[in-house]
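Let's take a walk through this fold together. Have the model open and turn it as we go.

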Amino acid sequence: MSSAKSAGAGKDLTIIGGGMVGACLALALQDCARRAGWRIRLIEAQPLAAGQVQPSYDSRSTALSHGSRLLLERLGVWDRLTACVEPIRQIHVSDRGHPGVTRLYAEKERVPALGYVVENARLGEVLLGALDPQAVEWMAPARASSARAVPGGYSLDIETGESSQTVHTDLLVLADGGRSGLLDQLGVHREISPYGQTAIVTNITSAQGHGSVAYERFTESGPLALLPLAGQRSGLVWTLPEDQADDIAALPDREFLAALQQAFGFRIGALTRVGARTAYPLKLIEAQEQVRAHLVILGNAAHSLHPIAGQGFNLSLRDTVALADRLIAAQARQRPLGDLAVLQDYLDGQRADQRLTVAFSDYLTRLFSNRQPVLTLGRNLGLLGLDLLPPARRMFAKQAMGLKI
Ligand SMILES: Cc1cc2nc3c(=O)[nH]c(=O)nc-3n(C[C@H](O)[C@H](O)[C@H](O)COP(=O)(O)OP(=O)(O)OC[C@H]3O[C@@H](n4cnc5c(N)ncnc54)[C@H](O)[C@@H]3O)c2cc1C
């Protein structure tokens, strides 16, 4: 085992997790790191070489809000993403077997698109490709196996293949998706509320094509989203009760498409092809602490949401850019990395957004997962009302677009 010291007091930052969130933070800080002489380590358990897929960059697609587009422009990667994103010109929300339908249009909201869909693998390539190896030291595959608070920062054990090393860092950012066990080691409690649902994720092809419409359809067994992808393809997120999901995911392609067609209908014509299916058990998870001196918990590790409203990464990106802004501003005031007042200030600024976004996703999930007649009626009145009432629709659109209400 070897031991490494930090670059200088208050100048060493370590990000655990090179997923979408960890990579965005490194990207947002790399210019400042070059100027300020910071050392940024990005530790990722999976290989990060081009063409390799790791958890953040799997077969899923992500609906990026209009607000996320603006942030990705600030990070300097939007131009590289335009070739691989599909714009959402309309969002169509419906309830199977009931009359209520809500439609949101980009032109009515006066934006070029309500959002953009990108395949996670493409987003990963762009984010990792934009990192400057002079400013960000990648360690991949490398696993952070333990973390301890020590005077002035954290001490980390990092395992790379056969060898391991211990490093000191002034600011530790946990962007590990909450799966490394480090939160437990550090005694950070997480509130976990399982939804009893599983999301089946796959890509499908339809005869008619999606026409740049994103569909959100609420069915007896759970909500179903179809996001427009390049060509005739759509990204499917089909939420089902956990006791049915495995059986449906394992159906042969033809039977799977028939079951999906029955649940979704013919809005995009006949469904003709389906890709590999992956199942994700769904839970609302919230860390009870997000900052301590020398420590920040970010992304899914801080809050993991139901994918129904496509808000998880969008919220985490807003957190990430806000954190980077605070760290950069603090650097200009000669504050060291890890200063608790700076980290607390970041969290205070993001709390309202986090609460609203978590509540929005959770409320939609519970409302639309419930088959009680009174709620069904209320929700259909709600959908009709949204279609009729421009201010309510605009509010829904702004939340869905990731813009401040
Ligand atoms: C079905 C589904 C659909 C979704 N759709 C949308 C959407 O449309 N829009 C949206 O905004 N959000 C969406 N989300 C949410 C979005 O995927 C997450 O918010 C996002 O992936 C979180 O990224 P992350 O980097 O925080 O975590 P992760 O993606 O989990 O990445 C964590 C990384 O840390 C690494 N790691 C873990 N432990 C260690 C360790 N000990 N040492 C080193 N590295 C480690 C992992 O290998 C991984 O690469 C969806 C989620 C699901 C499940």
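Start at the ligand, where 37 residues make up the surroundings, and the ones that come nearest are Gly17, Gly19, Gly177, Gly299 and Gly312. Keep in mind that you're looking at a predicted model. Several elements supply at least two residues each to the shell around the ligand: helix 1, strand 4, strand 10 (143–150), strand 14 (190–206) and helix 8 (312–332). Helix 8 has the largest share of that shell, with four residues.

Now zoom out for a moment. The chain has 405 residues, and 46% of them count as buried. Its secondary structure adds up to eleven helices and 22 strands. If you take the contacts between residues at least 6 apart in sequence, 75% of them join residues at least 24 apart.

Next, the core. As a rule, nonpolar side chains in soluble globular proteins tend to be buried together. Here, the largest nonpolar core has 94 residues, and Ile15, Leu25, Val173, Leu174 and Leu298 have the most contacts inside it. Helix 1 (residues 20–36) gives the most to this core, with ten residues. The core lies between domain 1 (2–63 + 122–191 + 283–364) and domain 2 (74–119 + 194–281), because both of them give residues to it. For a closer look, pick Ile15: beyond its neighbours within four places in sequence, its contacts include Leu25 and Val173, along with Gly22, Ala26, Ile40 and Ala175.

Strand 4 has already turned up in the ligand shell, so let's follow it into its sheet. Three strands form this open sheet, in the order 4-8-5, with antiparallel pairing. Strand 4 (61–65) and strand 5 (85–88) stand at the edges with a single partner strand each, so one side of each is left without a neighbour in the sheet. From one strand to the next, the twist averages 25°. Strand 5 and strand 8 (residues 115–119) pair over four antiparallel bridges, and Pro87 stands opposite Tyr116 in strand 8.

Two helices lie across this sheet. Helix 2 (residues 66–74) lies across strand 4 and strand 8, running at about 90° to strand 4. Helix 4 (residues 120–129) lies across strand 4 and strand 8 too, and runs at about 90° to strand 8. Which residues of helix 4 are buried? They are Asn120, Leu123, Gly124, Val126, Leu127 and Leu128. Their cover includes helix 1, strand 4, helix 3 (78–81) and strand 8.

Elsewhere there's a hairpin to find. Strand 11 (residues 153–160) and strand 12 (residues 163–169) run antiparallel and are joined by seven bridges. One pair to look for is Glu159 and its bridge partner in strand 12, Ser164. Two residues sit between the strands of this hairpin, where Gly161 takes a positive phi near 60°.

Finish at Ser221, in the loop between strand 15 (213–219) and strand 16 (222–228). Is Ser221 buried or partly exposed? It counts as partly exposed, because it has 18 C-beta neighbours inside 10 Å, and a residue needs 20 or more to be buried. Not counting residues up to four places away in sequence, Ser221 touches Leu240, Pro241 and Gln244. Gln197 is 24 residues from Ser221 in sequence, and their C-alpha atoms are 9.2 Å apart in space.

How values were computed
Residues numbered from 1 in each chain as written. Predicted model: local features only at pLDDT ≥ 70, side-chain atom pairs only at ≥ 80, totals over all residues. Pairing = 2+ DSSP bridges. Axes fitted to C-alpha atoms, helices over the stretch in contact; angles between N-to-C directions. Contact = placed C-beta atoms within 7 Å. Core = buried A, V, L, I, M, F, W, Y, C linked by C-beta atoms within 7 Å. Buried ≥ 20, exposed ≤ 12 C-beta atoms within 10 Å, placed from the backbone. Domains from an automatic or database assignment. Near = placed C-beta within 6 Å.
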